[in-house]
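Here are my notes on this one, jotted down as I went through it. Have the structure open while you read.

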Amino acid sequence: MLILDNIPALLVAIPLLMSAIVSVISSDRIAWLFALLTTLVCLFMAYELIDIVSAKQILSYAFGGWEPPWGIAFIVDSANVYLILLVSFISVIATIYAHTMLAREIAVEDLPKAYAVWLLTIASLFGLSMTGDAFNLFVFLEISALSSITLIALGAGQDRRALIAAYNYLIIGAIGATFYVIGVGYLYAATGTLNLLNIIERLNELGTNQAAITGLAFMLAGIMVKAGIFPVHIWLPAAYSYAPSAVSSLLSAVATKVAIYYFARLIFGIFMNITQLIDFFLLYVLMPVSVTAIFYGTIAAIYQTDIKRLFALSSIAQIGYITFAFSLNSHSGVSSGVIHIINHALIKGALFMAVGIFALGIGKRATMVSLRGVGRQMPITFAGFVIAGLALIGVPLTAGFISKLYLFKAVFETGNGLFVAIIAISSALSVLYLWKIFEVMWLQEPYQPLKIEKEPAVAYISLWLMVIAIIVFGIYSNGVSSSGILAANALIGAR
Amino acid sequence: MNVIYLILSNWNFIAVIMLMMAGLYIVISNQNFIKKLVGLSIFQSSVFIFYISIGKVSGGTAPILTGIADTIYSNPLPHVLILTAIVVGVATNALGLALVVRINEAFNSIEEKTLLSHKIEDSRHEFEKGDSWK
């Protein structure tokens, strides 16, 4: 089968090609339809990919018939096949959501071009999650950065501060990407190859090599910027809070997750043989940084009055949970990190979607003041918002509970009481900011009678699809948890 | 003597480090958004020189088949990579400059300090608008 054999290439090529086609269409409805069809095709292909990978274990796709050490290869194994499915699933739902939301937030004549950039972002996310070539990753990293900066800057129609947020992301992102390239240069000087699988072999032959270690340090620093890991996260809150709501729900759900996946792959997959250094990095760098991220993000969110910025700050805390799970350096830690990547993508995507619908309903930015009493006026959106919010805390029967369960399991395995306390206290703190929003929206009276616009039905559907996914993954957790365990097997081996 | 020899024989790497630090310093310290982009360009260019330096094989010629046996060629791959990276750098700069134009239209300034005060003003305005409903 021509299509089935070339799925890894097509997952990138189809959105890329369609983006070029969509950019010359003048009708925004047709542009949206093309975007939706593209993402649906990608979802189908990602689903087919699971069957192929479960049969073959590891799928290495060589571009243009150039075999891997020389040509560029895409690698799909059980560590990233679920990430690809997640990206395609979220992109379908976010595209449905964009139909009504994007049209009301940006100028109509910009819409077709916005969908073109939207597809470019999705193509680059697929590329990032599949590529097996260190330099190729940089190219996708930059495509993803430039296209998401363009999408963030589109928020300027509503709030001019989006431009500064986009500019800051551009500068910080470019420095991060350049750091990554420096690292790849060192690694290439040391090993003479760019293929990730080949780098592992060469590093085994070389043993501890100064240039390779320097390269690793630069690469990790660069990826940390893209992943929004704590000390280099500063672009994230402003970028997500001023972007159009469809864009923030897509980016917050999957853009950082893809970078975190590659971060884990670098640590556990590529450099695992420089054990001493990796152990040092995980224990003395990543763990303190993650704990700080968890508390900084949560406490900053408690004092935040702008709802979108609040959830962006909470994203930093949640990314902190994921990297904390990785820093435990155990099989259960990595698997709980992967499980949280999947669940948090669903939860945060749903939350940003709900906030976008609220903001559209009241016709201004969603803040603690403007949202007073809105919950009673928009009950269907509010119900979805509450379920997603409870999932963020980790209440049973939601996907968030499964994440917390596996995280606690991983933490209990270490036998360190302090870690248990960190997770428990920070979860309790996250109740505070969510309760604050629930209280304002449901229990408090608005200062002025609210004039609610009719709630957009299409946006409902996408929000509730996400919420249903959250509930389903909370009750039937086997799928997500076994994918997490399979991913951990592929990343750090069944140790 | 050894140190001088080391510096002189690796002068291109010294240049890389100097350019890199100069570029990064400009990006961090400068208030003007266009000057920041210039700093970013310098920073990225230093990486280009770094890549081209590691591609050089001592005694190697340009990697074009000469037909003579036992010719030592320099490594062409870093050059190819840098060609890609230059294109990426151009795209980054173009987008950055486009954003600066839009920022200038929206705020009438591209100085970080002025923009910060505009941003604070916007936030206060938003807050007061919400609060005045009482």
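**Notes on cavities, a pocket and a few residues**

1. Let's start with the enclosed space: the count comes to five cavities of 30 Å³ or more. Keep in mind that this is a predicted model. The largest cavity has a volume of about 120 Å³, and 14 residues line it. Those nearest its centre are A:S144, A:Y169, A:K226, A:A255 and A:T256.

2. Which elements give two or more residues to the lining of that largest cavity? They are helix 5 (111–130), helix 6 (134–153), helix 10 (235–242) and helix 11 (245–270), which belong to chain A. Helix 11 of chain A has the largest share, with four residues. Sorted by class, the lining of the largest cavity comes out as nine nonpolar, four polar and one charged residues.

3. The second largest cavity holds about 100 Å³ of space. Its lining is made up of A:A79, A:Y82, A:L83, A:L86, A:Y261, A:A264, A:F326, A:V338, A:I341, A:I342 and A:L491. Two or more of the lining residues come from each of helix 4 (81–105), helix 11 and helix 14 (331–362) of chain A. By class, the lining of the second largest cavity has 11 nonpolar residues, no polar and no charged ones.

4. While we're at helix 14 of chain A, have a look at A:N343, which sits in that helix. Is A:N343 buried or exposed? Its relative accessible area is 0%, so A:N343 counts as buried. Beyond neighbours within four places in sequence, A:N343 is in contact with A:A399, A:I402, A:S403, A:F473 and A:V480.

5. Now the open space. The second largest pocket has a volume of about 680 Å³. It is lined by 31 residues, and closest to its centre are A:N168, A:I172, A:I234, A:W235 and B:E112. Two chains contribute here: helix 7, helix 9 (210–227) and helix 10 of chain A, together with helix 2, helix 3 and helix 5 (112–131) of chain B, give two or more residues each. Helix 7 of chain A gives the most, with 10 residues. The class split for the lining of this second largest pocket is 22 nonpolar, four polar and five charged.

6. Helix 2 of chain B deserves its own point. Its 19 residues (11–29) should span 27 Å at 1.5 Å a residue, and the end C-alpha atoms are 27 Å apart, so the two agree. The buried residues of helix 2 of chain B are B:V16, B:M20, B:G23, B:L24 and B:V27. They cover an arc of only 95° around the axis, which means they are on the same side of the helix. The general rule behind such a pattern is that an α-helix has 3.6 residues a turn, so residues three or four places apart point the same way. On the face turned away from the buried side are the exposed residues B:W11, B:M18 and B:Y25. The cover over the buried residues of helix 2 of chain B includes helix 7 (161–191) of chain A and helix 3 (33–55) of chain B.

7. One last residue: A:I200, in helix 8 (residues 196–206) of chain A. A:I200 counts as buried because its relative accessibility is 16%, with the cut-off set at under 20%. Leaving out neighbours within four places in sequence, A:I200 is in contact with A:G269, A:I270, A:M272 and A:N273. The C-alpha atoms of A:I200 and A:A424, 224 residues apart along the chain, are separated by 38 Å.

Methods: Residues are numbered from 1 along each chain as its sequence is written. Chains are lettered from A and ligands numbered from 1 in the order in which they are written. This is a predicted model: local features need pLDDT of at least 70, side-chain atom pairs count only at pLDDT 80 or more; totals for chains, interfaces and linings use all residues. Side-chain values use heavy atoms; hydrogens and water are left out. On a 1 Å grid over the protein atoms alone, a cavity is a set of points where a 1.4 Å probe fits but cannot get out, and a pocket is an open set with protein on both sides within 12 Å along at least five of seven lines; lining residues have an atom within 4 Å of a point. Grid points are joined across faces, edges and corners, and a volume is the space filled by probe spheres set on the points. Ala, Val, Leu, Ile, Met, Phe, Trp, Tyr, Cys and Pro count as nonpolar, Asp, Glu, Lys and Arg as charged, and the others, Gly among them, as polar. The expected span of a helix is 1.5 Å times one less than its number of residues. Buried means under 20% relative accessible area, exposed over 50%, partly exposed in between (1.4 Å probe, protein chains only). The arc is that of the directions from the helix axis to the C-beta atoms. Contact means heavy atoms within 4.5 Å.
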